[in-house]
Amino acid sequence: MANPSIQSGVLVTLEDLHPSSSFLRQGASLRVTGKLQEYTVETAIAIICHGNASLKIDTQHLRDLSFRIGSIYQFIGELLIQPDNESILQARVARNVDGIDLNLYQHSIQLLRQFQADHMKNAAT
């Protein structure tokens, strides 16, 4: 029997999800944050953006969350890459994070990655 464990969502910025990114792979468990640009109730598809990057989010499995255009949301879910190479995050968790400074949040992700890389380098020596 397969192990049905749920992976934690790797912290990524929307800008990290470019075509040559190691984060952009089928089934990757990701945590993304962005401003809600568009939401369609009929399809349960949301689009979040930050800077020049955007990502479609499938929200069909989310309950008790109302979406407001212009608000900032954080989603955790699995990345699905469509046959046309379009990416969509199948969200399993979401929360409104209005009030977060997205630029500062992205900077903290960069600092965390730098710390982890330095820690791994020091552990190897």
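What volume does the largest pocket have? About 170 Å³, and we'll get to that pocket after a look around.

**Before you click**

This is a predicted model, in which local features need pLDDT of at least 70, side-chain atom pairs count only at pLDDT 80 or more, and totals for chains, interfaces and linings use all residues. Residues are numbered from 1 along each chain as its sequence is written, and side-chain values use heavy atoms, with hydrogens and water left out.

**Stop 1: colour by confidence**

Colour the chain by pLDDT, the predictor's confidence in each residue, from 0 to 100. The protein chain averages 91, and 96% of the residues score at least 70. Now pick out helix α1 and strand β2; helices (H or I, at least four residues) and strands (E, at least two) are DSSP runs, numbered from the N terminus. Among the elements of the chain, α1 has the lowest mean pLDDT, 88, while β2 has the highest, 97. Keep one rule in mind: where pLDDT is low, the predicted coordinates should not be read in detail.

**Stop 2: the strands**

Select β3 (residues 45-50) together with β4. These two run antiparallel and are joined by six bridges; strands count as paired if DSSP finds at least two bridges between them. Click A46 and look across to β4: its bridge partner there is I57. The hairpin of β3 and β4 has two residues between the strands, and in it G51 takes a positive phi near 60°.

Add β6 to the selection. β4 and β6 run parallel, with three bridges between them. K56 has I88 as its bridge partner in β6, and D58 stands opposite Q90 in β6.

Next, bring in β5. Nine bridges join β5 to β6, and this pair runs antiparallel. Go back to Q90 in β6: Q90 is also the bridge partner of E78. The hairpin of β5 and β6 has five residues between the strands, and N85 in that hairpin takes a positive phi near 70°.

**Stop 3: the salt bridges**

Show the charged side chains. How many salt bridges does a search of the whole structure find? Four, where a salt bridge is a side-chain nitrogen of Lys or Arg within 4 Å of a carboxyl oxygen of Asp or Glu. We'll visit some of them.

Start with R113 and D16, whose side chains meet at 2.6 Å, N to O. R113 lies in helix α1 (residues 102-124) and D16 in the loop between β1 (10-11) and β2 (29-40), so this salt bridge ties together parts that are 97 residues apart in sequence. D16 is buried, with a relative accessible area of 15%, and R113 is partly exposed at 29%. The cut-offs: buried means under 20% relative accessible area, exposed over 50%, and partly exposed in between (1.4 Å probe, protein chains only).

Then select E86 and K56, which meet in a salt bridge of 3.2 Å, N to O. E86 sits in the loop between β5 (72-81) and β6 (87-96), and K56 in strand β4 (residues 53-58), 30 residues apart. E86 is partly exposed at 34%, and K56 is partly exposed at 30%.

One further pair to show is R68 and D98, with 3.0 Å from N to O. R68 belongs to the loop between β4 and β5, and D98 to the loop between β6 and α1, 30 residues apart. R68 is partly exposed at 45%, and D98 is partly exposed at 40%.

**Stop 4: the empty spaces**

Rolling a probe the size of a water molecule over the atoms shows where empty space is left. The search uses a 1 Å grid over the protein atoms alone: a cavity is a set of points where a 1.4 Å probe fits but cannot get out, and a pocket is an open set with protein on both sides within 12 Å along at least five of seven lines; lining residues have an atom within 4 Å of a point.

Back to the largest pocket. Select its lining: L14, L17, P19, L24, S54, L55, I81, N85 and S87. N85 is the hairpin residue with the positive phi. By class, the lining has six nonpolar, three polar and no charged residues.

Finally, look for the largest cavity, which holds about 40 Å³ of space. Its lining is V12, T13, L14, T33, H50, L102, Y105 and Q106. Which element gives the most to this lining? That is α1, with three residues. The lining divides into four nonpolar, four polar and no charged residues. In these classes, Ala, Val, Leu, Ile, Met, Phe, Trp, Tyr, Cys and Pro count as nonpolar, Asp, Glu, Lys and Arg as charged, and the others, Gly among them, as polar. As for the volumes, grid points are joined across faces, edges and corners, and a volume is the space filled by probe spheres set on the points.
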